[in-house]
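Trainee: Hi, do you have a moment to go through a model with me? I'd like to ask things as they come up.
Mentor: Sure, put it on the screen and ask away.

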Amino acid sequence: MNLHVSLQRETDQLLRRPNLRLRIGEHLVDLGALRVLTRPDHPRLTSKAVAVLVELVPHAGNTVARDALLDQVWKGSCPTPDVLTQAIKELRRAFEDDQRTPRYIETIPKVGYRLLARVLVLEAPE
């Protein structure tokens with residue numbers, strides 16, 4: 001097994017821990033609560049938007065294909081590409097990101113999406 005595959009598995013396991021918190025750019029995200037804690041006025045994220053974020057995190061800085069995101073987040077169903085577009089819009093609103101000058105999520109036309117912001121995994125409080 002190569003190093004990349006090993007690191008990918010470790011990251012996947014880490015991101016599936018309950019009550020995990022991530023620092024994404026300047027925002028703090030509580031995955032278990034579906035909340036961007038630095039935006040307490042913002043509504044909860046949907047579970048699908050959080051699932052898209054969890055798929056983007058291990059590939060931060062790299063493009064993740066639309067089809068790969070659809071396959072992973074909407075396993076066992078036949079979603080339209082619009083569901084992914086809506087999840088990305090939801091994340092952009094939560095991060096106060098602008099599609100024209102993105103700081104968090106960049107659209108790679110006809111290919112997919114790229115998480116631009118730095119990601120830190122934080123220990124959940126007791």
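Trainee: Which residue in strand 2 does Leu 22 stand opposite?
Mentor: Leu 22 stands opposite Val 29. Before we go on, this is a predicted model, in which local features need pLDDT of at least 70, side-chain atom pairs count only at pLDDT 80 or more, and totals for chains, interfaces and linings use all residues. Residues are numbered from 1 along each chain as its sequence is written, and side-chain values use heavy atoms, with hydrogens and water left out.

Trainee: Thanks. How many bridges join strand 1 to strand 2?
Mentor: Four bridges join them, and the two strands run antiparallel. Strands here are DSSP runs of E with at least two residues, helices are runs of H or I with at least four, and both are numbered from the N terminus. Two strands pair if DSSP finds at least two bridges between them.

Trainee: And what does Ile 24 stand opposite in strand 2?
Mentor: His 27. In the hairpin of these strands, with two residues between them, Gly 25 takes a positive phi near 60°. Ile 24 also has a bridge partner in strand 7, namely Val 119. Strand 1 and strand 7 (residues 119–122) pair over four bridges in the antiparallel sense.

Trainee: Which side chains of strand 1 are buried?
Mentor: Leu 22 and Ile 24, which point to one face, while Arg 21 and Arg 23 point to the other and are not buried. Buried means under 20% relative accessible area, exposed means over 50%, and partly exposed is in between, with a 1.4 Å probe and protein chains only.

Trainee: What about strand 2, are its faces covered or open?
Mentor: Both faces are covered: His 27 and Val 29 are buried on one side, Leu 28 and Asp 30 on the other.

Trainee: Hm, a buried Asp. Which residue forms a salt bridge with Asp 30?
Mentor: Arg 21, with the closest N and O atoms 3.4 Å apart. A salt bridge is a side-chain nitrogen of Lys or Arg within 4 Å of a carboxyl oxygen of Asp or Glu. Asp 30 is at 9% relative accessibility, whereas Arg 21 is partly exposed at 21%. In strand 3, Asp 30 stands opposite Arg 35.

Trainee: How many salt bridges are there in the whole structure?
Mentor: A search finds five. One of them links the side chains of Arg 114 and Glu 106 at 2.4 Å, N to O. Arg 114 is partly exposed at 25%, and Glu 106 is partly exposed at 21%. Asp 98 also bridges to Arg 100, at 3.8 Å; Asp 98 is partly exposed at 29%, while Arg 100 is exposed at 72%.

Trainee: Switching to Asp 97: where does it lie?
Mentor: Asp 97 is in the loop between helix 4 (81–94) and strand 5. This residue is buried yet has no salt bridge, and the nearest side chain of opposite charge, Arg 92, is 4.5 Å away. For charges, Lys and Arg count as positive, Asp and Glu as negative, and His and the chain ends are not counted.

Trainee: Then what does the Asp 97 side chain reach?
Mentor: The backbone nitrogen of Tyr 104, at 3.1 Å.

Trainee: Now the other sheet. In what order do strands 4, 5 and 6 come?
Mentor: The order is 4-6-5, in an open antiparallel sheet of three strands. Strand 4 (63–65) and strand 5 (105–108) stand at the edges with a single partner strand each, so one side of each is left without a neighbour in the sheet. Strand 4 is joined to strand 6 (residues 112–115) by three bridges, and Ala 65 has Gly 112 as its bridge partner.

Trainee: Which helix lies across strand 4 and strand 6?
Mentor: Helix 3 (residues 66–73), running at about 65° to strand 4. Axes are lines fitted to C-alpha atoms, for helices over the stretch in contact (heavy atoms within 4.5 Å), and angles run from 0 to 180 degrees between N-to-C directions.

Trainee: Last one: how many residues of helix 2 are buried?
Mentor: Seven of its ten, so helix 2 (residues 47–56) is mostly covered. Among the buried ones are Val 50, Leu 53 and Glu 55.

Note on methods:
Polar contact = N/O pair within 3.5 Å; in protein donor to acceptor, adjacent residues only side chain to side chain.
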